[in-house]
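Thanks for coming, everyone. Please have the sequence and the model up on your screens. I'll go through it piece by piece.

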Amino acid sequence: MLALLAVLLMAVPAIGQQAIFTSEGLASPQINEDNSVTFRIYAPKAVKVEVCGDFLVSDEGGWGSAGLTEDGHGVWSWTSAPLASELYSYAFVVDGLRMLDPSNVFLMRDVRSLMNIFIVPGERGALYSVNDVSHGTVSKVWYESESLGMSRRMTVYTPAGYEDSGSRRYPVLYLLHGMGGDEDAWMTLGRATQILDNLIAAGKAVPMIVVMPNGNAALPSAPGEGPDGLYQPITRPPKSMEGSYEASFLEIVRFVDSHYRTVRKAEDRAVAGLSMGGFHSFHISKQYPDTFGYVGLFSAAVRQLEDGTGVYADFDRKIARQFADGVELYYIAIGKDDFLYDENVRLRSYLDSHGYPYEYHESDGGHIWRNWRIYLTDFLQKIF
């Protein structure tokens with residue numbers, strides 16, 4: 001029996017080493033000296049292999065694709081043009097089947113899609129990377145929502161040194177995700193942790209607490225992270241944009257103020273979000289005008305300019321009070337090709353017609369995380 005056990009223990013490292021040297025150990029993606037990127041995959045029986053990603057643009061404005069060439073030994077490869085410093089996403093398509101790169105363990109989830117990622121070095125790539133700086137703490141926190149009738153989860157970032165800073169109090173940014181996202185989205189897809197660590201370390205942003213709640217009022221948490229079990233995520237969960245979340249939002253603020261050392265003044269609170277999170281930020285900020293001094297709308301779905309019901313009712317009066325009470329910064333950012341561009345034009349025309357001040361940033365591109373990371377980076381340097 002002891003002899004058999006010894007043989008089995010000796011086999012374990014052998015199995016591990018064998019995995020290292022299989023075809024899945026190809027260098028892919030390989031970032032070259034000129035910042036071009038080479039993709040490789042071993043697919044000896046494939047007829048057609050493509051790489052698709054956000055560094056390629058289709059005629060429709062989404063992910064484009066490029067064909068790989070086979071070397072005669074089953075290895076397919078393709079090299080891009082030099083790429084700007086950035087975080088990029090991609091996947092392979094092998095004979096019509098989309099799949100992840102078996103040589104790249106770095107990936108992230110966006111609603112129901114998994115994709116590989118890589119970072120091209122340079123200024124922006126460094127901002128999205130873990131560098132030799134002091135690091136904040138990321139916590140997954142549960143709170144009770146009486147109005148929604150459930151325990152709910154949110155992600156909370158506290159800056160480096162928070163635990164050892166005694167009685168020091170910090171401003172708070174409430175950072176909201178888009179449709180189909182959850183409390184993990186800004187941490188993973190948005191690289192918010194790395195951006196915050198690096199900007200604060202460089203003195204470009206003040207140390208702050210950042211709260212990233214789940215914006216789907218019918219759900220307690222990200223898929224698989226709560227009592228609902230391992231359900232499949234959907235793009236449009238119920239009760240996402242009908243007022244329940246906005247109406248319950250002060251529960252989050254009260255919880256944060258009671259559990260963290262916050263500065264409990266409007267001029268030390270900000271709310272910002274992308275797409276649906278921009279919609280939420282838009283309405284939350286006017287619903288509670290004496291609560292948030294800074295508002296960030298990133299590719300926001302800025303609807304309900306007309307009177308509605310509940311938190312959407314009486315829009316003109318509420319936004320007038322919001323600006324009368326004083327807004328430190330009302331920040332609007334969107335890409336030229338974003339499908340919500342016209343909505344933002346209408347919002348800006350409305351604000352202009354009433355003389356309400358705002359700051360506007362327009363970028364290239366559409367409704368993509370690459371833009372939202374840029375908007376967050378800019379916004380963080382302007383608040384508090």
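Start at the hairpin. Strands β7 and β8 form it, with two residues between them. Asp 95 sits in that turn and has a positive phi of about 50°. This is a predicted model, by the way. β8 covers residues 97–99, and its pairing with β7 is antiparallel, over three bridges. Find Val 94, and you will see Leu 97 of β8 opposite.

Stay on β7. It runs from residue 86 to residue 94. Is this strand enclosed or open to the outside? Nine of its nine residues are buried, so β7 is largely enclosed by the rest of the structure. The cut-off for buried is under 20% relative accessible area. Now split the strand by face. In a regular strand, side chains alternate between the two faces of the sheet. On one side of β7 you have Glu 86, Tyr 88, Tyr 90, Phe 92 and Val 94. On the other you have Leu 87, Ser 89, Ala 91 and Val 93. Both faces are covered.

What else pairs with β7? Strand β10, residues 113–120, does so in the antiparallel sense, over five bridges. There, Tyr 88 stands opposite Phe 118. β3 also runs antiparallel to β7, and five bridges join the two. In that pair, Val 49 faces Val 94. So we meet Val 94 again: it also stands opposite Leu 97 in β8.

Follow β3 over to β4. β3 spans residues 49–57, and it pairs with β4 through five bridges, again antiparallel. Val 51 is across from Ala 66 of β4. How do the two faces of β4, residues 63–67, compare? One is covered, with Gly 64 and Ala 66. The other is uncovered, with Trp 63, Ser 65 and Gly 67. Set that beside β7, where both faces are covered.

Next, a sheet of four strands. It is open, and the order is β1-β2-β6-β5, with antiparallel pairing. Its edge strands are β1, at 30–31, and β5, at 69–70; each pairs on one side only. β1 is joined by two bridges to β2, residues 37–42, and they run antiparallel.

One residue to look at here is Ile 31, in strand β1. Its partner across in β2 is Val 37. Why does Ile 31 count as partly exposed? Because its relative accessibility is 33%, and partly exposed means between 20% and 50%. Beyond its sequence neighbours up to four places away, Ile 31 touches Ser 36, Val 37, Phe 118, Ile 119, Val 120 and Pro 121. Phe 118 is the β10 residue that stands opposite Tyr 88. For a sense of scale, go to Lys 239. That is 208 residues from Ile 31 along the chain, and the C-alpha atoms are 43 Å apart.

Now the eight-stranded sheet. This one is open too, with mixed pairing, in the order β11-β12-β14-β13-β15-β16-β17-β18. The edges are β11, 137–145, and β18, 359–363, each pairing on one side only. From one strand to the next, the twist averages 20°. Nine bridges hold β11 to β12, residues 150–158, in the antiparallel sense. Thr 137 has Thr 158 as its bridge partner in β12. Helix α5, residues 244–259, packs on this sheet. The helix touches β11, β12, β13, β14 and β15, and its direction makes about 145° with that of β13.

On to a helix pair. α6 is residues 276–287, and α7 is residues 315–325. Their axes are 8 Å apart, at an angle of about 75°. The two helices are therefore roughly perpendicular. On the α6 side, the contact is made by Phe 282, Ser 285, Lys 286 and Gln 287. α7 brings Phe 315, Lys 318, Ile 319 and Gln 322. By class, that is three nonpolar, three polar and two charged residues.

Last stop: Asn 371, in helix α9, residues 369–380. Is Asn 371 buried or exposed? It counts as buried, because its relative accessibility is 5%. Its side chain makes a polar contact of 3.2 Å with that of Ser 363. Leaving out neighbours within four places in sequence, Asn 371 is in contact with Gly 335, Ser 363, Asp 364, Gly 365 and Gly 366. That's the tour.

Definitions and conventions:
Residues are numbered from 1 along each chain as its sequence is written. This is a predicted model: local features need pLDDT of at least 70, side-chain atom pairs count only at pLDDT 80 or more; totals for chains, interfaces and linings use all residues. Side-chain values use heavy atoms; hydrogens and water are left out. Buried means under 20% relative accessible area, exposed over 50%, partly exposed in between (1.4 Å probe, protein chains only). Two strands pair if DSSP finds at least two bridges between them. A polar contact is a pair of N or O atoms within 3.5 Å; within protein, one must be able to donate a hydrogen and the other to accept it, and residues adjacent in sequence count only if both atoms are side-chain atoms. Contact means heavy atoms within 4.5 Å. Axes are lines fitted to C-alpha atoms, for helices over the stretch in contact, and angles run from 0 to 180 degrees between N-to-C directions. Angles under 35 degrees count as roughly parallel, over 145 as roughly antiparallel, 65 to 115 as roughly perpendicular and the rest as oblique. Ala, Val, Leu, Ile, Met, Phe, Trp, Tyr, Cys and Pro count as nonpolar, Asp, Glu, Lys and Arg as charged, and the others, Gly among them, as polar.
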